[in-house]
Protein chains: 2
Amino acid sequence: MIDALLHGTAMAQRRALAKAITLLESTRPDHRAQADELLTALLPHTGKAFRLGISGVPGVGKSTFIEALGLHLIGLGQRVAVLAVDPSSSVSGGSILGDKTRMERLSNHERAYIRPSPSSGSLGGVAEKTRETILLCEAAGFDVVIVETVGVGQSEIAVANMTDLFCLLQLPNAGDELQAIKRGVMERADLVLINKADLDPAAATRARAQISAALRLLGWNERAGAQEAPHWHPQVLELSALRAQGLEAFWAAVSEFRRLQSADGRLAARRQQQALAWMWERVQAGLQQALRHNPAVQRILEPTTRAVADGSLAASVAARRLLAAHLGNLSN
Amino acid sequence: MIDALLHGTAMAQRRALAKAITLLESTRPDHRAQADELLTALLPHTGKAFRLGISGVPGVGKSTFIEALGLHLIGLGQRVAVLAVDPSSSVSGGSILGDKTRMERLSNHERAYIRPSPSSGSLGGVAEKTRETILLCEAAGFDVVIVETVGVGQSEIAVANMTDLFCLLQLPNAGDELQAIKRGVMERADLVLINKADLDPAAATRARAQISAALRLLGWNERAGAQEAPHWHPQVLELSALRAQGLEAFWAAVSEFRRLQSADGRLAARRQQQALAWMWERVQAGLQQALRHNPAVQRILEPTTRAVADGSLAASVAARRLLAAHLGNLSN
């Protein structure tokens, strides 16, 4: 599998990729151990792709944009993988990318690989499998890995935390940017794209000015506190994904971002920081799971939680009791 | 101590309170065990105060406002405790409330009790001690417990998570509200006060309109999704703390909020939710601490972290290794 993934034909790589992803999405411990071995073996061959995060609310036109961008990049000689993070897909049966016909032309292209969201329940689990899949795609030689997410909740932050450039798609509606600011997503955006700009050019221009102003204000604190000059001001671009207008300007901005980030080591630093944060996030999730599966904890969890809820036990005292039951150490 | 705290004179209660707080701020395990017993014994006598959170950036006039409000409430026959959450105080030697002369008239009043921020380092630790101190103050019969924090970082969210009403002080500067929205604080505000409104009444009126619009937009999603009519729309009031103008209107709004929240059980539900979230937060912190103190983890932590940082080990594999070392269970 490793050999097919690294050195196979495009077709053989796609088959090996699908098999490897199935392995790392498996819940069987022996599969998990194999997947860990595979990841460790492939790691020296990862890291060369550009990791592009794309977010935006439903209806903003993400699929149309990603298909147009993917075909544009293939036209430039690149190979493109598209992954999705959608923790709700286990419930809905896969709302994003579940139907590959959404990106029919791109998904049929041999230089593209499209994978729907893992449907393993928690956002942490879905994000983990997507991060691992990014590594597999890089080992298989894809040049650009696009990670798409629907613009709600914490999944956007998860995608910003696993990509080199995080791009937010917006509609040209006044006030729309406030929702993105509220979700904490606007401040994570390296690029904001105003899609469907052709429908109402005047509104798009207004939205661009408003979002630019918001980005300046959001960034002001950091810039005022920073010792050095900022290397990148988040940009706002207009686009019509449907008419494939604005793609060249978008990719030129991405390339300039990438050049600047690579030149001064920020790209490597960002990836290093993401990897360490990811490690600690998974450690936390594992610790929590071990606690909940501990029989000593399970015996007292329900009455302890009830006592906190009805106000007969202080939360901090309850926490110490749960920890003592778990760690078997009453002095902690 | 319990008897003095519950039934002593105001003076005896203040002394007992100071002793009890010292106990729960101690790092000695036997003190901690005593503090837990004390909390559990006092818990039936807690919960009757109104817990008021106050936040705002440095210079917004928090001390002046809290002193004016405290004296106003004492004039209404109430007893007022003022606590602070400032995780930086261990570094700075106590920037908030460290100097009681900041609220000289209030701190000298026998119906008031002012306590600077615990200086135990992490925000989680500081917040925990403040939450416990709220309970002690309630047992000692204070009617209103004000928890103040400086308007930076996560300490505002911590205070919003431990109070019945969270109030944000703002200056009448256009665009200032964007910083509060960015920090995730505006959406947690039940009341926004525009202080120093007397200095530039026109600017204060503009700021009020802007913040009201922002609050409507921020709340729109929740309201659109909610089945029931909202019980409370966050209000924006103008104030001059220095001239003690607007305090009656502020307290009338607080009282109306309290009446509405108590009538339909929302106050109890909010406190219950806060207590459970607090319990889990402390459990997480304790789990993390136990992991870091485990010799089996300490042996591999540094090389594992380094391997993730230099890209020779996948973060998810590293997380599983740390967990296996900690839990002694390689199948996890």
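**Exercise 1. Salt bridges across the chain**

Over all chains this predicted model counts 32 salt bridges, a salt bridge being a side-chain nitrogen of Lys or Arg within 4 Å of a carboxyl oxygen of Asp or Glu. A word on conventions: this is a predicted model, where local features need pLDDT of at least 70, side-chain atom pairs count only at pLDDT 80 or more, and totals for chains, interfaces and linings use all residues. Residues are numbered from 1 along each chain as its sequence is written, chains are lettered from A and ligands numbered from 1 in the order in which they are written, and side-chain values use heavy atoms, with hydrogens and water left out.

Task: find the salt-bridge partner of R115(A), then say where the two residues sit and how covered each one is.

Solution.
- Step 1: the side chain of R115(A) meets that of E25(A) in a salt bridge, at 3.5 Å from N to O.
- Step 2: this pair links distant parts of the chain, with R115(A) in the loop between β3 (112-114) and α7 of chain A and E25(A) in helix α2 (residues 10-25), 90 residues apart. Helices here are DSSP runs of H or I with at least four residues, strands are runs of E with at least two, and both are numbered from the N terminus.
- Step 3: R115(A) has 18% relative accessibility, so it counts as buried, while E25(A), at 26%, counts as partly exposed. The cut-offs are under 20% relative accessible area for buried, over 50% for exposed, and partly exposed in between (1.4 Å probe, protein chains only).

Now do chain B. E25(B) and R115(B) also meet in a salt bridge, at 3.5 Å from N to O. Here E25(B) is partly exposed with a relative accessible area of 25%, and R115(B) is buried at 18%.

**Exercise 2. A buried acid and its partner**

Task: which residue forms a salt bridge with E132(B), and are the two buried or exposed?

Solution.
- Step 1: the partner is R32(B), with the closest N and O atoms 3.1 Å apart.
- Step 2: E132(B) lies in helix α7 of chain B and R32(B) in helix α3 (residues 29-42), 100 residues apart.
- Step 3: E132(B) has 0% relative accessibility and counts as buried; R32(B), at 14%, is buried as well.
- Step 4: for a wider view, look at the network of salt bridges that links R32(A), D36(A), E128(A), E132(A), R282(A) and R320(B).

**Exercise 3. A lysine without a bridge**

Task: work out what surrounds K62(A).

Solution.
- Step 1: K62(A) belongs to helix α4 (residues 62-75) of chain A.
- Step 2: K62(A) is buried yet has no salt bridge, and the nearest side chain of opposite charge, E148(A), is 4.9 Å away. For charge, Lys and Arg count as positive and Asp and Glu as negative; His and the chain ends are not counted.
- Step 3: leaving out residues up to four places away in sequence, K62(A) touches I54(A), S55(A), G56(A), V57(A), E148(A), T149(A), V150(A) and L169(A). Contact means heavy atoms within 4.5 Å.

**Exercise 4. Strand β1 of chain B**

Task: how many residues of β1(B) are buried, and which strands pair with β1(B)?

Solution.
- Step 1: seven of the seven residues of β1(B) (residues 50-56) are buried.
- Step 2: sort them by face: F50(B), L52(B), I54(B) and G56(B) lie on one side, and R51(B), G53(B) and S55(B) on the other.
- Step 3: β4(B) (residues 144-150) pairs with β1(B) in the parallel sense over seven bridges, and G53(B) has V147(B) as its bridge partner there. Strands pair if DSSP finds at least two bridges between them.
- Step 4: β5(B) (residues 165-170) runs parallel to β1(B) and is joined to β1(B) by four bridges; L52(B) is partnered by L165(B).

**Exercise 5. Helix α14 and the two chains**

Task: check the span of α14(B), then find what packs on this helix.

Solution.
- Step 1: at 1.5 Å a residue, the 13 residues of α14(B) (residues 315-327) should span 18 Å, and the end C-alpha atoms are 18 Å apart, which agrees. The expected span is 1.5 Å times one less than the number of residues.
- Step 2: ten of the 13 residues are buried, so α14(B) is largely enclosed by the rest of the structure.
- Step 3: the buried residues pack against α3, α7 and α12 of chain A together with α12 and α13 of chain B.
- Step 4: G328(B), with a positive phi near 60°, follows the helix.
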